[in-house]
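This briefing goes through one protein chain, from its overall layout down to single residues. The sequence and the structure come first, and the notes follow by topic.

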Amino acid sequence: MIIGSCEVTFHADWVTSLKEKRMVVKSLVDKTRHKFNVSVAEVDCQDQHKIIVIGFACVTNEKRQADSIIQHILRFMEQNTEAEMISVEFEVF
């Protein structure tokens, strides 16, 4: 069993409130979950309205497939939000 996990940090300069941030996060998390069938959630900085930290994980039987899934999800996330992706940390084990 191979597990791929990733933590992505976005900066959303235009967001002015936590309520607005929650709408952005909910949209991105729901779209990602439905398209890729992975576990995904906001994992940090819930009290900062301009920083969004989303984590996701996948389970597969090959390291190469886990890497591919992570890269596809990262591209999808970048294309489906106006927030700037500022850091990505991932691990496959």
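A residue is called buried when its relative accessible area is under 20%, exposed when that area is over 50%, and partly exposed in between. By this cut-off, 38% of the 93 residues of the protein count as buried. The model is a predicted one. Its secondary structure consists of two helices and four strands, arranged along the sequence in the pattern β-α-β-β-α-β.

**Overall dimensions**

- The radius of gyration is 13 Å, and the globule rule gives 12 Å for 93 residues; the two are close, so the protein is as compact as a globular protein of that length.
- The C-alpha trace spans about 40 × 20 × 20 Å along the principal axes.
- The protein exposes about 5,700 Å², and carbon and sulfur atoms supply 50% of that area.
- Of the contacts between residues at least 6 apart in sequence, 71% join residues at least 24 apart.

**Helix H1 (18–36)**

- H1 has 19 residues, and its first and last C-alpha atoms lie 26 Å apart, close to the 27 Å expected at 1.5 Å a residue.
- Its buried residues are Lys21, Val24, Val25, Leu28, Val29 and Thr32.
- Viewed down the axis of H1, these buried residues fall within an arc of 120 degrees, so they line one face of the helix.
- An α-helix has 3.6 residues a turn, so residues three or four places apart point the same way.
- The buried residues of H1 pack against strand S1 (2–11), S2, S3 and helix H2 (63–79).
- Exposed residues on the other side of H1 are Lys19, Arg22, Met23, Lys26 and His34.
- Lys19 has a relative accessibility of 58% and therefore counts as exposed.
- Between the C-alpha atoms of Lys19 and Cys6, which are 13 residues apart along the chain, the separation is 25 Å.

**Helix H2 (63–79)**

- The 17 residues of H2 should span 24 Å at 1.5 Å a residue, which agrees with the 25 Å between its end C-alpha atoms.
- Ala66, Ile70, Ile73, Leu74, Phe76 and Met77 are buried in H2.
- Seen along the helix axis, the buried residues of H2 lie within an arc of 165 degrees, so they too line one face of their helix.
- These buried residues pack against S1, H1, S2, S3 and strand S4 (84–92).
- Arg64 and Gln79 are exposed residues carried by the face of H2 turned away from its buried side.

**Two buried strand residues**

- Thr60 belongs to strand S3; its relative accessible area is 11%, so Thr60 is buried.
- The side chain of Thr60 makes a polar contact of 2.5 Å with the side chain of Gln65.
- Leaving aside residues up to four places away in sequence, Thr60 touches Met1, Ile2, Gln65 and Ala66.
- Val92 is in strand S4; it is buried, with a relative accessible area of 19%.
- With residues up to four places away in sequence again left out, Val92 touches Ile2, Ile3, Gly4, Lys63, Ala66, Asp67 and Ile70.
- The C-alpha atoms of Val92 and Ile70 are 9.5 Å apart, with these positions 22 residues apart along the chain counted as their separation.
- Ile2 and Ala66 appear among the residues touched by Thr60 and among those touched by Val92.

**Positive phi in loops**

- Asn37 follows H1 and sits in the loop between helix H1 (18–36) and strand S2 (39–44).
- The phi of Asn37 is near 55 degrees, a positive value in a residue other than glycine.
- Asn37 is exposed, with a relative accessible area of 70%.
- Cys45 also has a positive phi, of about 60 degrees, although it is not a glycine.
- The position of Cys45 is in the loop between S2 and strand S3 (51–60).

Terms used
Residues are numbered from 1 along each chain as its sequence is written. This is a predicted model: local features need pLDDT of at least 70, side-chain atom pairs count only at pLDDT 80 or more; totals for chains, interfaces and linings use all residues. Side-chain values use heavy atoms; hydrogens and water are left out. Buried means under 20% relative accessible area, exposed over 50%, partly exposed in between (1.4 Å probe, protein chains only). The expected span of a helix is 1.5 Å times one less than its number of residues. The arc is that of the directions from the helix axis to the C-beta atoms. Contact means heavy atoms within 4.5 Å. The radius of gyration is taken over C-alpha atoms; the globule rule is 2.2 Å times the number of residues to the power 0.38. Accessible areas come from the Shrake-Rupley method with a 1.4 Å probe; for residues, only the protein chains shown count as cover. A polar contact is a pair of N or O atoms within 3.5 Å; within protein, one must be able to donate a hydrogen and the other to accept it, and residues adjacent in sequence count only if both atoms are side-chain atoms.
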